[in-house]
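Dear colleague,

I am handing over a structure that you have not worked with before, and below it I have set out what was found in it. Please read the notes with the structure open beside you.

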Amino acid sequence: MDLRKELDSFIKDFYGYGNLKSDIWFIGMEEGGGATLEEIKSRLEVWKALGAGKVVDAYDFHYRITDDKGKNFDFLFRDGNPAVQRTWQGLIKLLLSYKAETYSAEKIKEKQSNGWGRLKSDNCLLELFPLPSPNANDFKYTKWLGDENFTRENYKKENEKPRIQGLQELIKVNQPKMVVFYGKAYGDKYKAIAGLDGSDLLELKITSEKTAKVFVGSPTSYVFIPHPTAHGMSDEYYQQLGRELKEKI
């Protein structure tokens, strides 16, 4: 495998999981994972095997990729009893609240198992930057490529503009009803994707600790929320925000 060539293709063309024709999209900073070179090679190979599309089916993808010990990631989708993924859990709570569906731990697990990031689901999960990393400070690709210039900083600087333009094009073509951006650290980049300068955002006080910002537009509205793993993100937050978004969008 020509790792650099495969990574360049992945960076250019892969955006995430799910149904681009769905009404609700979620856009984050980058995906977790990518702890070992073996896992990254597996991700690249499986992505190509699934057609190298801009999105793939999250279930199919995670069942086929493997880590350095040859184990796959079916634990995220194991029917009936998946390991709850913390970021997804919060987004699922918001989606179900927006759809006026009551949720429980079992309902969240069922949604993650069978209706999350699927090609025929009611949601789409995209990332601003495509290369997965275990955390925001860990970037192993420099070592794996043997290229001191391929740092996280340079990777983001080089790819920020084309990735923003790529997401803008996906939104323009598919016209989702609502795009939810999560995580404050990349707020300026999220606003760039939405084509907003921030002055036309409505701030909603959801709980005593947390707010959300909303732009109600046609055909697409934009919502900006804290990262689901941030302190103070509660059931009350997702339920109240879901109700308010349902009234406005």
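In this predicted model, the contact between helix H1 and helix H2 is made by Leu3, Glu6, Leu7, Ser9, Phe10 and Asp13 on the H1 side, which meet Leu37, Ile40, Leu44, Trp47 and Lys48 on the H2 side. Sorted by class, that contact of H1 with H2 has seven nonpolar, one polar and three charged residues. Helix H1 covers residues 3-13 and helix H2 covers residues 37-49, and the two pack at an angle of about 60° with their axes 11 Å apart, which makes H1 oblique to H2. The crossing of H1 and H2 is left-handed.

Just after H1 there is a residue that deserves a separate look, phenylalanine 14, which is placed in the loop between H1 and strand E1 (16-18). Phenylalanine 14 has a relative accessible area of 3% and is therefore buried, the cut-off being under 20%. Leaving aside residues up to four places away in sequence, phenylalanine 14 touches Ser9, Trp47, Gly53, Lys54, Val56, Pro130 and Arg163; of these, Ser9 in H1 and Trp47 in H2 also belong to the contact between the two helices. The C-alpha atoms of phenylalanine 14 and valine 55 are separated by 6.3 Å, although the two residues are 41 residues apart along the chain.

A second helix pair is formed by H4 and helix H9 (residues 235-248), whose axes come within 7 Å and cross at roughly 40°. H4 and H9 are therefore oblique to each other, and their crossing is right-handed. The residues that make this contact are Gly90, Lys93, Leu94, Ser97 and Tyr98 of H4, together with Asp235, Tyr238, Gln239, Leu241, Gly242, Leu245 and Lys246 of H9. By class, the contact of H4 with H9 has five nonpolar, four polar and three charged residues.

Helix H4 (86-98) also helps to cover the buried residues of H5, as do helix H3 (58-64) and strand E4 (123-127), which are included in that cover. In helix H5 (residues 105-114), the buried residues in question are Ile108, Lys111, Gln112 and Ser113.

Three places in the backbone may also be of interest to you. Most residues other than glycine have a negative phi, and most peptide bonds are trans. Alanine 100, in the loop between H4 and H5, has a positive phi near 60° while being a residue other than glycine, and at 66% relative accessibility alanine 100 counts as exposed. Glutamine 175, in the loop between helix H7 (152-174) and strand E5 (178-182), likewise has a positive phi, of about 50°, although it is not a glycine, and at 47% relative accessibility glutamine 175 counts as partly exposed. The third place is the cis peptide bond that joins serine 218 and proline 219, with omega about 5°; proline 219 lies in the loop between strand E7 (211-215) and strand E8 (221-225).

Turning to the chain as a whole, there are nine helices and eight strands. The radius of gyration is 18 Å, close to the 18 Å that the globule rule gives for 249 residues, so the chain is as compact as a globular protein of that length. Buried residues make up 50% of the 249 residues, and among contacts between residues at least 6 apart in sequence, 70% join residues at least 24 apart.

With kind regards

Key:
Residues are numbered from 1 along each chain as its sequence is written. This is a predicted model: local features need pLDDT of at least 70, side-chain atom pairs count only at pLDDT 80 or more; totals for chains, interfaces and linings use all residues. Side-chain values use heavy atoms; hydrogens and water are left out. Axes are lines fitted to C-alpha atoms, for helices over the stretch in contact, and angles run from 0 to 180 degrees between N-to-C directions. Helices (H or I, at least four residues) and strands (E, at least two) are DSSP runs, numbered from the N terminus. Angles under 35 degrees count as roughly parallel, over 145 as roughly antiparallel, 65 to 115 as roughly perpendicular and the rest as oblique. A crossing is left-handed if the near helix is turned anticlockwise from the far one by less than a right angle, and right-handed if clockwise. Contact means heavy atoms within 4.5 Å. Ala, Val, Leu, Ile, Met, Phe, Trp, Tyr, Cys and Pro count as nonpolar, Asp, Glu, Lys and Arg as charged, and the others, Gly among them, as polar. The radius of gyration is taken over C-alpha atoms; the globule rule is 2.2 Å times the number of residues to the power 0.38. Buried means under 20% relative accessible area, exposed over 50%, partly exposed in between (1.4 Å probe, protein chains only).
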